[in-house]
Amino acid sequence: MYKKPSAAIVASVIAVGFGIAAFFGNPQKVSAASFSLGPAGGTFTVGSTFDVSVYLDTEKENINTIRTLLAFPPDKLQLVPKGAGQSVISVYSSPPRFDNTAGIVDLQGGIPGGLNVSNGLVISLTFRVKAVGSALLRFRDETKVLANDGLGTNVLKNTQNGVYQLVLPPPAGPLVASVTHPDQAKWYSNTNAQLAWAGEEAGIEGYSYIINDIPADIPDDISEGDRTIVTYRNLSDGVHYFHLKALRRDNWGGVTHFALNIDANPPAEFPVKVIPEARTTRRQPILEFATTDGHSGLDHYELKVVPLSPLVQAANNSQPLFIEIISPYVMPELQIGNYDLILHAYDKSGNYREVTQRLSIVPVMFKIISGQGIEVRGLAVIPWIWFWPIATILLLLLVFTAWRLQRWHLEVEKKKTIKELPTTLREKLDELQEYRSRYGKLAALVLAVSIGLIALSGGTIQASELNPPFLTTVSKNITNEDIFYVGGKTDASGAEVVIYLQNLQTGETSSYSVTADQRGEWFYRHTTFLASGNYLLWLQSRLGDLQSPPSPQIQMSVMATAIQLGASRVSLELVYLILVILLALLVLGLGFYIF
């Protein structure tokens, strides 16, 4: 016979329903409940299983709805299905979800009548260890605990995650060691691995071993011989496992497993973002950068700031060094000038990716100083008492210029109607023809001499036992207003590195030298500007009487951005600035004239 439910039960069910619906809203956050894992850490071997329990502490708050969303690494752990089991949740709003592909445990349900508990068991999970490494069990942001207040208030305050170390089983066979990859937890860039094992035990008839990507594999029962050392070459990136067992008196012993972590490739290419812009008036711009590494993972970033202006170099009076930084990074206050920002992204095996970003710190073009005047590019201040008369005179000159241009325009239109070639244009054509006949043969002769000098310089190679230097860093997109720099490595520490630069226009070759440090690293920064044109760059090492062959030649260009006037240099940027100002004033004058 049907029995009508009591009012208390109906109210409890309605409260649970409101609580579950509140998951999809935006409840008010009040600090009260917390989730934790037990155990929160530990070390477990590949192939074994371990239990982790999820506990709830309501901290004297009465709650009625729970959602627990726990994430785990599916490449390292596998959840052993066994149902939800014992739990403080009495009513599930949806069936518990256990997903070994996505690495998710999702539980959501309620407690009619509410719950107040200090160490309530939400669920107990069993994981099987699949691979070595570190496994993080974490509560995702969707995890919630709602109060039994009829409003669906989220009272979750804290979640305690768990970190578990996953290792290979202890050796059951011969002890294995590696001189190339000694630490099984570290990553190495060496793709050639040498492994050796103890073989002094009596009665050993042979060994069977194999290397693959299975953490706890077992070699076959075919002996590979009685040698106690093996070398593997050109191993691919990733984690490799060496498995070994010994044959004694026709019986195979236990298996020893040894991990080799190899990562020979640098992190991925990445951009460096300069805030606000790569060309800015801000003296302390901000750098933002990020990249990834497919195997060992990122370790750290290093930055070297190379000034390209000689005044900045003289002020620093030292060679730039790499410093470790994190993103975002606020640059130290920089002087006005151009800089190359050389950023290295290192992975955990020591590989690095180099990225170079050009940074230009420029002065503010115009700055109004209250009560004084206008400051032009930080160089001088034009007082208001001078500015207005000068501006008036310039305006009158532009008006006169506009009038003269109008008259010239009318004369040109008149000559066009009668198809008469202007005298100035006819003179320029005659002058151009004269230059072509005068200097054409001379240009061909200069080109032939340059090619001959290049061939002669490339034909003198001195045999040596030293290898040429390795080039890793060179200034790019250089102009005749930027300082040239180059850096790299040598095989021998303390070796002298000779840098050769040949101007392809003049055939002139210059050499500069620098000494490598104890690690074989070297860096050269030129003290003056290079003339504009095309250059050939090559390197050579010297150590005592030994001299290496020349390195391959690299062609580079120096663009012209400055005009040489005797001993002075006028920046094209300044010329452009003057032209822009004149153009603006001209437009203003013409507009005034037209008006």
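Student: Where is the place of I385?
Tutor: This is a predicted model. In it, a helix runs over residues 384-417, and I385 has its place there. The name of that helix is α3.

Student: Is I385 buried or exposed?
Tutor: A residue counts as exposed when its relative accessible area is over 50%. The relative accessibility of I385 is 66%. Because that value falls in this class, I385 is exposed.

Student: I385 is listed in a nonpolar patch on the surface; what is the accessible area of its residues together?
Tutor: The patch is formed by I382, I385, W386, I390, I393, L394 and L397. Helix α3 gives the most to it, with six residues. Together the residues of the patch have an accessible area of about 710 Å².

Student: Which strand is the place of T126?
Tutor: One strand covers residues 120-129, and T126 is in it. Seven of the ten residues in that strand are buried, so to speak a mostly covered strand. Its name is β9.

Student: Is T126 itself buried or exposed?
Tutor: The cut-off for buried is under 20% relative accessible area. T126 has 12%. T126 is therefore buried.

Student: With which side chain does the side chain of T126 make a polar contact?
Tutor: Leaving out residues up to four places away in sequence, T126 touches T49, F50, D51, Q78, L79, V80 and K82. The polar contact is between side chains, at 2.6 Å. The partner of T126 in it is D51.

Student: How many bridges join β3 to β9?
Tutor: Strand β3 spans residues 49-57 and runs antiparallel to β9. One of the bridges has F50 and, in β9, F127 as partners. The number of bridges joining β3 to β9 is eight.

Student: Which residue in β9 is the bridge partner of L79?
Tutor: Strand β5 (residues 77-79) pairs with β9 in the antiparallel sense, over three bridges. The β9 residue that partners L79 is also the bridge partner of F50. That residue is F127.

Student: Why is one side of β22 and of β25 left without a neighbour in the sheet?
Tutor: Five strands form an open sheet with mixed pairing, in the order β22-β28-β27-β24-β25. β22 (279-280) and β25 (323-325) stand at its edges, so one side of each has no neighbour in the sheet. The reason is that each has a single partner strand.

Student: Which residue in β25 is the bridge partner of Y301?
Tutor: Strand β24 covers residues 298-307 and pairs with β25 in the antiparallel sense. Three bridges make up this pairing. In β25, the partner of Y301 is I325.

Notes: Residues are numbered from 1 along each chain as its sequence is written. This is a predicted model: local features need pLDDT of at least 70, side-chain atom pairs count only at pLDDT 80 or more; totals for chains, interfaces and linings use all residues. Side-chain values use heavy atoms; hydrogens and water are left out. Two strands pair if DSSP finds at least two bridges between them. Helices (H or I, at least four residues) and strands (E, at least two) are DSSP runs, numbered from the N terminus. Patches are made of residues with over 30% relative accessible area and no salt bridge: like charges are joined within 9 Å, nonpolar side chains (Val, Leu, Ile, Met, Phe, Trp, Tyr) within 5 Å. Accessible areas come from the Shrake-Rupley method with a 1.4 Å probe; for residues, only the protein chains shown count as cover. A salt bridge is a side-chain nitrogen of Lys or Arg within 4 Å of a carboxyl oxygen of Asp or Glu. Buried means under 20% relative accessible area, exposed over 50%, partly exposed in between (1.4 Å probe, protein chains only). A polar contact is a pair of N or O atoms within 3.5 Å; within protein, one must be able to donate a hydrogen and the other to accept it, and residues adjacent in sequence count only if both atoms are side-chain atoms. Contact means heavy atoms within 4.5 Å.
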